[in-house]
Amino acid sequence: MAKKDKKKYDDDDGRTIVDMNVDGLPWYQPGKPDKKVADEDKPTRKEFWAMVRAWFAAYAPRILAVLVGFGLAIGLVICWLNGWFVK
């Protein structure tokens with residue numbers, strides 16, 4: 001039996017996107033040093049707060065909808081238990 005050749009992809013340039021050295025996997029190497037993030041890759045303070053504001057802007061409608069839904073449900077339960085809907 002001959003070994004199968006690895007497939008070669010045109011768009012593969014050999015770069016690693018995510019480090020797969022994770023504890024519990026069979027290829028885990030405990031002595032391998034972690035790569036540090038370069039200072040140029042870290043967001044600045046202004047960029048960080050822009051990301052936080054964007055997160056709040058994206059999730060605020062969802063959070064408000066859930067809170068309003070719970071409020072309405074609790075209000076209906078209180079009205080039902082006090083007998084305000086019974087004539």
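**Reading a spread-out helical model**

Modeller: D19 lies in the segment before α1, where helices (H or I, at least four residues) and strands (E, at least two) are DSSP runs numbered from the N terminus. This is a predicted model in which local features need pLDDT of at least 70 and side-chain atom pairs count only at pLDDT 80 or more, while totals for chains, interfaces and linings use all residues. Residues are numbered from 1 along each chain as its sequence is written, and side-chain values use heavy atoms, with hydrogens and water left out.

Colleague: Is D19 buried or exposed, or does the residue fall in between?

Modeller: Buried means under 20% relative accessible area and exposed over 50%, with partly exposed in between (1.4 Å probe, protein chains only). With a relative accessible area of 45%, D19 is partly exposed, whereas I17, which also has its place in the segment before α1 (45-82), counts as exposed at 75%. Of the 87 residues of the protein chain, 2% count as buried.

Colleague: How many helices and strands are there in the protein chain, and what does its radius of gyration say about how spread out it is?

Modeller: The chain has one helix and zero strands. Its radius of gyration, taken over C-alpha atoms, is judged against a globule rule of 2.2 Å times the number of residues to the power 0.38. The value here is 27 Å, well over the 12 Å that the rule gives for 87 residues, so the protein chain is more spread out than a compact globule. Along the principal axes, the C-alpha atoms fill a box of roughly 85 × 50 × 35 Å. The C-alpha atoms of D19 and W84, 65 residues apart along the chain, are separated by 61 Å, and those of Y59 and K46, 13 residues apart, by 20 Å.

Colleague: How many aromatic pairs does the structure hold, and how are the rings of F48 and W49 arranged?

Modeller: A pair of aromatic rings is described by the distance of the centres and the angle of the planes. Rings of Phe, Tyr and Trp (its six-membered ring) pair if their centres lie within 6.5 Å, and planes under 30 degrees apart count as stacked, over 60 as edge-to-face and the rest as tilted. The structure holds three such pairs. In one of them, the ring centres of F48 and W49 are 5.2 Å apart with the planes at 80°, so the pair is edge-to-face. F48 is partly exposed at 42% relative accessibility, and W49 is partly exposed at 44%. W55 and F56 likewise form an edge-to-face pair, 5.0 Å centre to centre with 80° between the planes, and W55 counts as partly exposed at 43%.

Colleague: Which residues do ring pairs link into a cluster, and which residue has its charged end over the ring of Y59?

Modeller: W55, F56 and Y59 are linked into a cluster by ring pairs. A charge sits over a ring if NZ of Lys or CZ of Arg is within 6 Å of the ring centre and within 35 degrees of the ring normal. The charged end of R62 sits over the ring of Y59, 5.2 Å from its centre. Y59 lies in helix α1 and, with a relative accessible area of 37%, is partly exposed.
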